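Open the model in your viewer and display the backbone. This tour stops at a few residues with unusual backbone geometry.

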Amino acid sequence: MQEAIISRAKQLLADGTVNRVIGWKRGEFAYDITPAIFESPEEIDADFVYDDFTSANVSKYLVKESRKEGKILAFLKTCDTYSLNQLTKEHRVDRDNIYVVGIPSDGKLDVEKIKAKGITGITGVERNGDILTVKTIYGDETMSVADAMSNKCLSCKSKKHVTYDELIGEDGEVTDTNRFDMVEKLENMTSQERYDFWRNELSKCIRCNACRNVCPACTCENCVFNNPDSGVENKAAADSFEENMFHIIRAFHVAGRCTDCGECSRVCPQNIPLHLLNRKFIKDINSLYGEYQAGADTTSKAPLNNYTFDDCEASIVHERGVE
Amino acid sequence: MLKISIEKLNGLFKAVAEKQTLYIPADRADGASEYKKYEDGMTLSKNLNTLRSAKDFFFPQTENLADFKVEGKKIEVIDIREEAEDFVVFGVRACDARSFTILDKVFLSEPVDSYYKNRREHGTIVTMACAKPAETCFCGTFGIDPTEPEGDVSCWSDGDSIFFRPNNEKGQKFVDSVSELLEDGDTAKLDETKAQTKEIMAKLPLANLSTEAFGGDTLMEHFKSEKWAELSESCLGCGTCTFVCPTCQCYDIKDFNTGHGIKRFRCWDSCMYSDFTKMAHGNIRNSQLERFRQRFMHKLVYFPSNNNGEFGCVGCGRCLSKCPISMNIVKVMKALEVK
Amino acid sequence: MNANDTLIPYIGVVTDIREDTPDVKTFRVNAIAPDGTVGGKVFEHMPGQCAMLSVPGVGEGMFSITSSPTNKEFMEFSIKKCGCLTTWLHAMEVGQQITLRGPYGNHFPVETDLKGKDLLFIAGGIGLAPLRSVINYVRDNRANYGDVQIIYGSRSKDDLVDYQEIINEWCNDDGITVNLTIDREQEGWDGHVGFVPNYVKELNPSLSKTVLICGPPIMIKFTLAGLKELGFTETQVYTTMELRMKCAVGKCGRCNIGDKYVCKDGPVFRFDQLDELPDEY
């Protein structure tokens, strides 16, 4: 797949369809991939990678990139296309300035899960069917692919790209998942049990803001948590109230707009299952307002809030937001 | 050297915890480990290192500095400082042990930070040599030998026993306090373990990473490098690297009105945050490029410039594992060292 | 644990408030003795040094001490209203207590490099605040210094800080030349009109002078360029800097320019020292 992607990227650069490419750059090890922009075939040949660890959703970068000079080529996995669609719907990206090539994904791996098995000194991984061979400086180890699968891929909501200019590989279908299982489990807890569950999780929070900063739904020009007068500022973790409120308020802010891309939980350095807060909202919205999948399209009326250019206060929101 | 067999280690923990608070690295449900206050039945984590660094013990994420009572035009300052209680941190790795030396240079230089000093004086650090370093380890780059950790007491495991060596008076006091549980042991197998670890160290993927291209005299050269743009282009501007880093020590001071008075507290801050240098009339580091550059320049150039060549990194590898976009000091060093 | 910590502030009381300009006020601050007596200074300082002032619950900020150390009765701070804390300070009444800690940073080398020298002070707007401390120190130790020239400008006559002191005291001192300028023509102003950098070039000061300059960054930039054109070298010119600060003792990590902390290694820098640092200020 990587070869096909690289070759298409070089073609689209060469024929002038785009002037740069957003994708993933290989790192020092097998798994430390960085989202990156490539401007030449040489850069692509040297560093472009698409493999089991290219989980990062690059759509949020398009908020800035799509406003720059020239069209940018973005390789998007199915779940990433939902994010881009939602950003298009909210007028946060210039979709016309993006050339989307939809690419398939059969699930990304999470190195943290491999390390949690006690495997260390990792120098490479090989995926053969359901078996993962992890090469380490201490010798080879094997585990099942399912055990190493990134949480966000364990309950894949769709194999269907919802926006693209062209596809590499076959498109799939929207999948029926078990993604609300854990939400139901939480719903069935007593309120004390549920409180204890969330206190245990949220007390780990170090207020790094990685969840907010990676979130494709969190694209405000200036975040409410950057306001020193808000009382819930973007650092500190001064008390449990603050830890709780940061995540709960954020979940409210992205409700109805969160596509369930799972990036919040993927990047959390403390492994807090933040996506469960969002999934609870998605589940509630489904039952209260009818089935709704944020990012599935760019035109349907959203359950909670819509972003239109003729909003009576559109400019106020923008002016207030600009630093 | 004095030792205790590994089966009896929990007995030692129990004996220590009866006299003072003891923290050990323990496993969490998600497989990561963190320092926890020792309680009966708790076992030492087998993980190489804790998810959060050990700096919290001396420089907690938030702490109260002073209280104020405000009545009309009158202000009263209430000094809330109290002598800390003695505590022991067991199982600190060589990298984190060195981080205390670095933090000391900041907090114990004049004017001494009494909050930090208080905890530092009351804490006993018992370190544990590494036997199975990870691919993300590069402590050797900063002259740290993971088989010879610093600390008040150094410990080693040969697979059967834990060996103890006090390094100073505080360490001697600790060893004396548990001496009836310790016995003299032969270190032959231990020496073998150390030799093996050293062999592994030489084979680590980052074994050849060098600080040669960095230091105080490279300031303008690195500051002006054109590579910062590409290195920082996908940085999210979050504080993960800063907060998991054992040597990052920037802080903010804030006031909180409790309704009954004002609490002035300090909390970890991050140079990666957009408001770090923001003033009423402007910001000197407006772009993420500038903020990103600041963090790495501080560790690789500014800190050594002010501290006799000592770098502000210990090679623990936490930022390598935890950065959401896998951009880190190793990649920065490798990019900048190429002229 | 009995040792003082610099982060724990002293209490001072505001004993006088002078409205200098529409957005600058000068606050006189005295110490309060344990028995409640108000008088004297909270701490001693040198010209150019700063203090952290705070109103608990509002915030804390670094301000240069405007009064001269030779003033043994009180300290003064000239403060421009621009943010949350300064807005609060501007709303204060006499008798209000505030917290202070300091003194912080280095100072102008009044007892070493500046001694015996002809001095040229160049200030713009609120930039006079840190220089006023030096000017009055020099006036009180007049024999130790040569000629003194002060070039001071602001947007309008109403924006000249310490105008009464300048007119009534500085202008009447022997051996002190005061050159005032405002940006635009104004009724009731028969003095010079024009920007500070141009005025400096027009006045063509003698190259023997050591220059102390403070004002908006853009004014400093053009004035320095003008001085260089006139033949001044960077080793002759001092300035004082201002960046966001929290601890004021080089530990909280935000006010650095390269490897120098403005709070600790500054705020006073000679321009040749700044040349060796990144222009991140």
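This is a predicted model. Start in chain A with A:His91. With 13 C-beta neighbours inside 10 Å, A:His91 counts as partly exposed, because that class lies between the exposed limit of 12 or fewer and the buried limit of 20 or more. Now check the backbone: phi of A:His91 is near 60°, a positive value in a residue other than glycine. For context, most residues other than glycine have a negative phi. Zoom out to place A:His91: the loop between α4 (78-89) and β4 (98-102) of chain A holds this residue.

Stay in chain A and select A:Asn271. What is the sign of phi at A:Asn271, positive or negative? Phi is positive, near 55°, and A:Asn271 is a residue other than glycine. Follow the chain on either side: α12 (263-267) and α13 (275-289) of chain A flank the loop that contains A:Asn271. Is A:Asn271 buried or exposed? A:Asn271 counts as buried, because 21 C-beta neighbours fall inside 10 Å and the cut-off is 20 or more.

Next, the peptide bonds. Most peptide bonds are trans. Move to chain B and select B:Glu110 with B:Pro111. A cis peptide bond joins the two, with omega about -10°. B:Pro111 sits in the loop between α2 (94-107) and α3 (114-122) of chain B.

Finish in chain C. Select C:Gly266 and C:Pro267. The peptide bond joining C:Gly266 and C:Pro267 is cis, and omega is about 5°. Look for the strands on either side: C:Pro267 lies in the loop between β14 (260-261) and β15 (268-270) of chain C.

Technical notes:
Residues numbered from 1 in each chain as written. Chains lettered and ligands numbered in written order. Predicted model: local features only at pLDDT ≥ 70, side-chain atom pairs only at ≥ 80, totals over all residues. Helix = DSSP H or I, 4+ residues; strand = E, 2+ residues; numbered from the N terminus.
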